[in-house]
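Welcome to a short set of worked exercises on one protein model. Take a look at the coordinates, try each task, and then follow the solution step by step.

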Amino acid sequence: MAFDGENTLNSRIILHADMDCFYAAVEMHDYSQYVGKPVVVGADPQGGTGRGVVSTCSYEAREYGIRSAMPISQAYRLCPDAVFLRPRMDRYAEISEEIMDILRSPGFRFEQVSIDEAFLDMSSAGSFSRAQNVAENLKKGINTRCGITCSLGLAPTKIVAKIASDFKKPNGFTIIEPAGVPSFLAPLPVRRIPGIGDKTEKELQILGIHTIGDLAAYDIQGLLGRFGRNAVILHEVARGIDGSEVVERDGIKSLSKEMTFDKDTDEPGEIITALEGMIGELGIFLVRENLFFKTVTIRIRSEGFVTKTKAKTLIHYHKDVETIRECAQELLRELFRGAKIRRLGLRLSGLKKQDARQRKLFSPDDSEPGD
Ligand code: TTP
Ligand code: MG
């Protein structure tokens, strides 16, 4: 007998979070004059003759039919009065890092999938209702701290969670408990299954399969001839079966922080203070994630948007802030030629994770896990 929302079926509880119109949302956060307008982030439309594509656009721009990956010239024809912006990848990466930190904060197993989406395995919350409470707080936290909205899906599998987060966008939260999975999936077009593109959709349509329910009910033998081994996966996904785990990736390649000065500056005190702030933040992150670094990079953008980068790679791995500071200050001295600085960046790369066994053997602050 089930108690009070307890997760007695022992099913997993997976959260998928995906930011709404991510690049455009960051632009609207940084430049409030764009809020409520059709905003298109992508290549330069050059009055309709530009080449390249749309990266993303605000929901207002979507009302004109503009979509990601559409030629920018077509987007321009659909809405010439839209605000057209070039992507600022550094800024999106910075906000993404903040968002991922918020999502990691409750301590559930965490997997970042792209710049704006992640899974959490919240099974240890014990019930969907408790997981829902935590997820709602994460959603609020992202909105308050980063000024953007996201859509969430909570479900017993990764794929259903991902379909659920996409179900009500923007700013939605769709919760599908185990018993509700079949009725949630059945009416959706097969296209909603991640990975099904034009080609597979057309092939399924030839077989008379339009919805996920059609796919679930279709005889697997009939699918095998057409889709080979993928048939089994497709058929299982359509029936809500998906054993794939939320996998903590050991793949953080680099950590970086960048900041723009309120006013361009050549004041050493101000520059060192800014650098010190970044060193501290990255240092904390290293300790928390048990990471060691080998390379330190400093990037400065001066007046006139000239960007200079210099890196130093050490012989051994380190994780202490003193080493970051020494390298960063040395690199800064070499790069700084008196021109006023507009933007300053610090990056740690060549990262390596210290495993649990090594953590016991070495002291946490200055040891290295081997080269
Ligand atoms: P998505 O999450 O697919 O899209 P989105 O966040 O812009 O919009 P939605 O509300 O539908 O989730 O992608 C995240 C970011 O990745 C997006 O803001 C821009 C970038 N991107 C591209 O550069 N090209 C593309 O074709 C797509 C789909 C995304
Ligand atoms: Mg998104």
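## Exercise 1: a serine in a loop

S58 sits in the loop between β3 and α2; helices (H or I, at least four residues) and strands (E, at least two) are DSSP runs, numbered from the N terminus. A word on conventions: this is a predicted model, in which local features need pLDDT of at least 70, side-chain atom pairs count only at pLDDT 80 or more, and totals for chains, interfaces and linings use all residues. Residues are numbered from 1 along each chain as its sequence is written, chains are lettered from A and ligands numbered from 1 in the order in which they are written, and side-chain values use heavy atoms, with hydrogens and water left out.

**Task.** Decide whether S58 is buried or exposed, and find the residue whose backbone oxygen its side chain meets.

**Solution.**
1. The relative accessible area of S58 is 0%, so S58 is buried. Buried means under 20% relative accessible area, exposed over 50%, and partly exposed in between (1.4 Å probe, protein chains only).
2. A polar atom of the S58 side chain lies 3.0 Å from the backbone oxygen of K37. This is a polar contact, that is, a pair of N or O atoms within 3.5 Å; within protein, one must be able to donate a hydrogen and the other to accept it, and residues adjacent in sequence count only if both atoms are side-chain atoms.

## Exercise 2: the metal site

**Task.** Work out which residues coordinate the magnesium ion (ligand 2), and what geometry its site has.

**Solution.**
1. D18 (OD), M19 (O) and D116 (OD) coordinate the magnesium ion (ligand 2) at 2.0 to 2.2 Å. Donors are N, O and S atoms within 2.8 Å of the metal (3.2 Å for Na, K and Ca); water is not among the atoms, so sites may look incomplete.
2. The site has six donor atoms with angles of 79 to 178 degrees among them, and is octahedral. Six donors earn that label if opposite donors are over 155 degrees apart and all others between 65 and 115.
3. M19 belongs to strand β1 (residues 14-19) and D116 to the loop between β5 (109-114) and β6 (117-121), so this pair ties together parts that are 97 residues apart in sequence.
4. Both M19 and D116 are buried.

## Exercise 3: contacts of ligand 1

**Task.** List the polar contacts that D18, M19 and C21 make with ligand 1, and find how much of the ligand the protein buries.

**Solution.**
1. For D18, a polar side-chain atom is 2.9 Å from an oxygen atom of ligand 1.
2. For M19, a backbone N or O atom is 3.1 Å from an oxygen atom of the ligand.
3. For C21, a polar backbone atom is 2.8 Å from an oxygen atom of ligand 1.
4. Ligand 1 taken alone exposes 550 Å², of which the protein buries 68%. Such accessible areas come from the Shrake-Rupley method with a 1.4 Å probe; for residues, only the protein chains shown count as cover.

## Exercise 4: backbone angles

**Task.** Find what is notable about the phi of C21 and of Q46, and about the peptide bond joining K169 and P170.

**Solution.**
1. Most residues other than glycine have a negative phi, and most peptide bonds are trans.
2. C21 has a positive phi of about 30 degrees although it is not a glycine. C21 is in the loop between β1 and α1 and, at 8% relative accessibility, counts as buried.
3. Q46, not a glycine either, has a positive phi of about 40 degrees. Q46 is partly exposed, with a relative accessible area of 49%.
4. The peptide bond between K169 and P170 is cis, with omega about -5 degrees. P170 is in the loop between α6 (158-167) and β8 (173-175).

Methods
Four donors count as tetrahedral if all angles lie between 85 and 135 degrees; four count as square planar and six as octahedral if opposite donors are over 155 degrees apart and all others between 65 and 115; anything else is irregular.
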